[in-house]
Amino acid sequence: MSSASHVRASHVLDRVLVLEMVRVTEAAAIAASKWIGRGDNDAADAAAVEAMRAALNELPMDGTVVIGEGERDEAPMLYIGEKVGSADGDGPAIDIALDPLEGTTITAKAGPNALAVLAIAEQGCLLNAPDTYMDKIAIGPGFPEGTISLAKSVTDNVRALAAAKNVLPSDITACVLDRPRHDAIVAELRALGCGIKLIPDGDVAGVIATTDPDTGVDIYLGSGGAPEGVLAAAALRCVGGQMQGRLIFRNDDERDRAHRWGITDLDRIYSMEDMAKGDCIFAATGVTDGSLLNGVKRRKGGCTTTESIVMRASTGTVRRVTTEYHKPL
């Protein structure tokens, strides 16, 4: 398994400051937070998209969205292929994976773990894939390469991880999105006696949870959005871990779109490095309170507080950033 400390630092990314990425996710989170608990998924998402686009367009870069919210320019999406940045082609070429609001339903219902999320890398270093679903499996750092694989069953993966941890399979806790499509996975985990943390949404936070012993999560399993898969892979590249993804094509239209993007092997299993290679920066800001970050807080007198995390693969650094805005937002 490649270590974050062995990743070559990118001078291209040096020109787009790490903290600038936090400012982008902060803007999206603050905008989305105004819609917490108001029951309007679309309005929350649109607010986050508009704020993130505006913040990206202030940065001196030649940015291209390679993982976004869709494949065509349909407002308010930040669509795949959209150009962002203020450099007019003269700045560093940056690929961007983003989810302005991971957890639109969570935000609308005032649930936990809604995030504004962004990852950047040099051109060609992030998987450029159609907006489909993806099978995912992930564990944290410190295990032999190949401990987990999408080519193996849930049972075999749990047993392999348990052996690597020198515990029983029943001592393993899995994080799974609470969806009917995961009933078979849940049943297989229950048969092993595993603990299961079912989450309503937010699988980027779910994957990252495998890297933090305090969460109690040992493995992430199940399918979710491909954009979230690439974002999660970028985060793991910064802190260590293993992850695989396999795109899911539900109909001929999705298969045709894959071919248009140059994907010929529809059954390919992508490694973490396939999805996010080289140096990369991952940033997230909490919209609602969650296991990874606190959400946006508004206090009397107009003060707004955000909590963010920013990681970089080449340095293996993880920074937690708390920002206070003393002007009304």
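## Close-up views of a predicted model

**View 1. Glu254 counts as buried, at 3% relative accessibility, and takes part in a salt bridge with Arg250.**
The model is a predicted one, and in this view the side chains of Glu254 and Arg250 meet with a distance of 2.6 Å from N to O. The partners differ in their surroundings, because Arg250 has a relative accessibility of 52% and counts as exposed, the threshold for that class being over 50%, whereas Glu254, at 3%, falls under the 20% that marks a buried residue. The pair belongs to a network of salt bridges that links Arg250, Asp253, Glu254 and Arg257. Side chains of opposite charge can pair when their charged atoms come close. Counted by the rule used here, the salt bridges of the model come to 14.

**View 2. Arg312 and Asp279 form a salt bridge whose closest N and O atoms are 2.7 Å apart.**
This pair links distant parts of the chain, with Arg312 in strand β13 (residues 304-312) and Asp279 in the loop between α10 (272-275) and β11 (280-286), the two residues being 33 residues apart. Arg312 counts as buried at 9% relative accessibility, and Asp279 is likewise buried, with a relative accessible area of 4%.

**View 3. Asp62 and Lys83 form a salt bridge, with 3.9 Å between the closest N and O atoms.**
Here too the pair connects distant parts of the chain, since Asp62 lies in strand β1 (residues 62-67) and Lys83 in strand β2 (residues 83-84), at a separation of 21 residues. Lys83 counts as exposed, with a relative accessibility of 51%. The distance of 3.9 Å in this pair falls within the 4 Å that the salt-bridge rule allows.

**View 4. Six strands make up an open sheet of mixed pairing, in the order β7-β6-β8-β5-β9-β10.**
The edges are taken by β7 (195-199) and β10 (270-271), each of which has a single partner strand, so that one side of each is left without a neighbour in the sheet. At the β7 edge, strand β6 (residues 173-177) runs parallel to β7 and is joined to it by five bridges, with Ala174 having Ile196 of β7 as its bridge partner. Further along the order, strand β5 (residues 133-139) runs antiparallel to β9 and is joined to it by seven bridges, and Tyr133 has Ile248 of β9 as its bridge partner. At the β10 edge, two bridges join β9 to β10, and these strands run antiparallel, with Tyr270 of β10 as the bridge partner of Gly245. Strand β9 (residues 242-248) is itself mostly covered, five of its seven residues being buried.

**View 5. Helix α8 (residues 226-239) has 14 residues and reaches 20 Å from its first C-alpha to its last.**
That span is close to the 20 Å expected at 1.5 Å a residue. Of the 14 residues of α8, 13 are buried, so the helix is largely enclosed by the rest of the structure. After α8 comes Gly240, which has a positive phi, near 95 degrees.

**View 6. The largest nonpolar core holds 51 residues, of which Met243, Leu247 and Phe282 touch the most other members.**
The largest share of this core, nine residues, is supplied by α8. Leaving aside residues up to four places away in sequence, Met243 touches Lys136, Ile137, Ala138, Val207, Gly229, Ala232, Ala233, Leu236, Tyr270, Ser271, Met272 and Met275. A second core, separate from the first, consists of 35 residues and includes Met21, Ala32, Leu101 and Leu118.

**View 7. The whole chain, which sets the context for the close-ups, has 10 helices and 14 strands.**
Its radius of gyration is 19 Å, close to the 20 Å that the globule rule gives for 329 residues, so the chain is as compact as a globular protein of that length. Along its principal axes, the C-alpha trace spans about 55 × 45 × 40 Å. Buried residues make up 55% of the 329 residues in the chain. Among contacts between residues at least 6 apart in sequence, 69% join residues at least 24 apart.

Key:
Residues are numbered from 1 along each chain as its sequence is written. This is a predicted model: local features need pLDDT of at least 70, side-chain atom pairs count only at pLDDT 80 or more; totals for chains, interfaces and linings use all residues. Side-chain values use heavy atoms; hydrogens and water are left out. Helices (H or I, at least four residues) and strands (E, at least two) are DSSP runs, numbered from the N terminus. Buried means under 20% relative accessible area, exposed over 50%, partly exposed in between (1.4 Å probe, protein chains only). Two strands pair if DSSP finds at least two bridges between them. The expected span of a helix is 1.5 Å times one less than its number of residues. A nonpolar core is a set of buried Ala, Val, Leu, Ile, Met, Phe, Trp, Tyr and Cys residues joined through side-chain atoms within 4.5 Å. Contact means heavy atoms within 4.5 Å. The radius of gyration is taken over C-alpha atoms; the globule rule is 2.2 Å times the number of residues to the power 0.38.
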